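Here are my notes for your read-through. Keep the structure open next to them and look up each residue as it comes along.

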Amino acid sequence: MNAFISFFKRQYVFCIACLCAAASCFFVPPSIHYVNYIDWNTLAMLFSLMAAVAGFEKCGLFMRTGSVLTTLVHTARGLAAVLVGLCFCTSMFITNDVALITFVPLALLLMQRQKAVPAWVTLYVVVLQTIAANTGSMLTPMGNPQNIFLFSKTNMGIALFLKIITPYSVLSAVLIALGLLAVPKIRLAYFTGGAARGMSVPKWHTFVYATLFALCLLAVGGIIPKLVLVPIVALTLLFIDRKVLASIDYWLLLTFCAFFVFSGNIATIPEISAFLKRVVGGNEFLASLIASQVISNVPATLLLYPFVNSTASLLLGVNVGGLGTLVASLASLISFKLFTKAGGNSGRYLAVFTALNLLFLAALSGLYAMKLF
């Protein structure tokens, strides 16, 4: 029982997804048609991107990049701007959760070593990093799982995608820049960039992972088939580093599969399908934003997609909906766990996190309500 409770705490979204899928099976008995529920292209893209990014992380590429950039600043505000900017920019390409896993520990390391920097500044910077990762990742199809799914599922194309999402990402960047002004310009008494990880990995591995990442970009652009990526990536990692292959978040992939089954079954139940079509159709933004606050934006995307009239509104709703509660975006839980593990005050963190997230949520929702874009 203790082992189950521990597993549930670590993978509660996967467990909930499985329970939902299992419950739906009572209404739609399992059959070969379940295979058609699963979007294999989305899973292929997720697997391939996670593999390439895990390889970059193993090589220490992100940590070395962050360490070099942070040596160029000498005040607390400058350091905060670099750390938050790294999350905003890199999340567009390595996903929001990976950006936070990489750069929140770096922020904690650097900020906590500065004796002149108050503890509230460290907390504030980590919260801004979280917001930056969630809002920066919305700008590209590979920035987060819901974007990967929607871009793979539709034929909107990169130009239309950017047209839809860019104003919201730009507004987020402006608000983040304004938020950084609250960080005092305290002169850092000393500076250390920290040790970069992955130095023992052969340098040519970085080239291999860069090639795999380039193939992912070609697949996102529709130049090569997405399903072709899986055997290429898997075989490459089997030959050069099986540990990277083992480090991929397979629970996320299985979570997607479970929600695919659940949403597929729900769509085939006439009464529920009709209800969701009435509620969601025409109200995609509000429905997805509210659902994201409760079950997080990735499951909300998978659940609501079959019932939407406007994919663009759903895209905006689940991305803006990643702001708000701590569970609105699963990536936010990463920062919270890292901060509290480093000895931070969880109550203060939740208070500051919620306040800032609600401000950003209100601003971006207001932009949508203005119907300017």
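1. A word you'll need right away: two residues are in contact when they have heavy atoms within 4.5 Å. Also keep in mind that this is a predicted model.

2. Let's begin with alanine 328, which sits in the loop between α18 (311–320) and α19 (330–341). Is alanine 328 buried or exposed? Its relative accessibility is 0%, so alanine 328 counts as buried. Setting aside residues up to four places away in sequence, alanine 328 touches Ser292, Gln293, Ser296, Asn297, Gly321, Gly322 and Leu323. One of these partners, Asn297, is itself a buried residue of α17. For a sense of distance, go from alanine 328 to methionine 156: they are 172 residues apart in sequence, and their C-alpha atoms are 25 Å apart in space.

3. Now have a look at α17 as a whole. How many of the residues of α17 are buried? The count is 8 of 8, so it is fair to call α17 mostly covered, given that buried means under 20% relative accessible area. Running along the helix, the buried residues are Asn297, Val298, Pro299, Ala300, Thr301, Leu302, Leu303 and Leu304.

4. Pick out threonine 301 from that helix, which spans residues 297–304. Threonine 301 has 1% relative accessibility and therefore counts as buried. What does threonine 301 contact, leaving aside neighbours within four places in sequence? The partners are Gln146, Phe149, Leu150, Leu314 and Val318.

5. Helix α15 (residues 270–280) is a nice one for thinking about sides. Its buried residues are Ser273, Leu276 and Val280. They cover an arc of only 70 degrees around the axis, so they lie on the same side of α15. On the face turned away from that buried side you'll find the exposed residues Pro270, Glu271 and Arg278. And what do the buried residues of α15 pack against? They pack against α14 (250–268), α16 (284–295) and α17. Just after α15 comes glycine 282, with a positive phi of about 90 degrees.

6. Next, helix pairs. Two packed helices are described by the angle between their axes and the distance between the axes. For α16 and α18, the axes come within 7 Å and cross at roughly 30 degrees. Angles under 35 degrees count as roughly parallel, and that is why α16 is roughly parallel to α18. Their crossing is right-handed. From α16, the contact uses Glu284, Phe285, Ser288, Leu289 and Ser292, while α18 brings Ser313, Leu314, Leu316, Gly317, Val318 and Val320. Sorted by class, that contact has 6 nonpolar, 4 polar and 1 charged residues.

7. Try the same reading on α6 (residues 76–94) and α8 (residues 119–136). They pack at an angle of about 25 degrees, with axes 7 Å apart. That angle makes α6 roughly parallel to α8, and the crossing of α6 and α8 is right-handed. On the α6 side, Ala80, Leu83, Val84, Cys87, Phe88, Ser91 and Met92 take part, meeting Val125, Leu128, Gln129, Ala132, Ala133, Thr135 and Gly136 of α8. Which classes do the residues of the contact of α6 with α8 divide into? There are 10 nonpolar, 4 polar and no charged residues.

Definitions and conventions. Residues are numbered from 1 along each chain as its sequence is written. This is a predicted model: local features need pLDDT of at least 70, side-chain atom pairs count only at pLDDT 80 or more; totals for chains, interfaces and linings use all residues. Side-chain values use heavy atoms; hydrogens and water are left out. Helices (H or I, at least four residues) and strands (E, at least two) are DSSP runs, numbered from the N terminus. Buried means under 20% relative accessible area, exposed over 50%, partly exposed in between (1.4 Å probe, protein chains only). Axes are lines fitted to C-alpha atoms, for helices over the stretch in contact, and angles run from 0 to 180 degrees between N-to-C directions. Angles under 35 degrees count as roughly parallel, over 145 as roughly antiparallel, 65 to 115 as roughly perpendicular and the rest as oblique. A crossing is left-handed if the near helix is turned anticlockwise from the far one by less than a right angle, and right-handed if clockwise. Ala, Val, Leu, Ile, Met, Phe, Trp, Tyr, Cys and Pro count as nonpolar, Asp, Glu, Lys and Arg as charged, and the others, Gly among them, as polar. The arc is that of the directions from the helix axis to the C-beta atoms.
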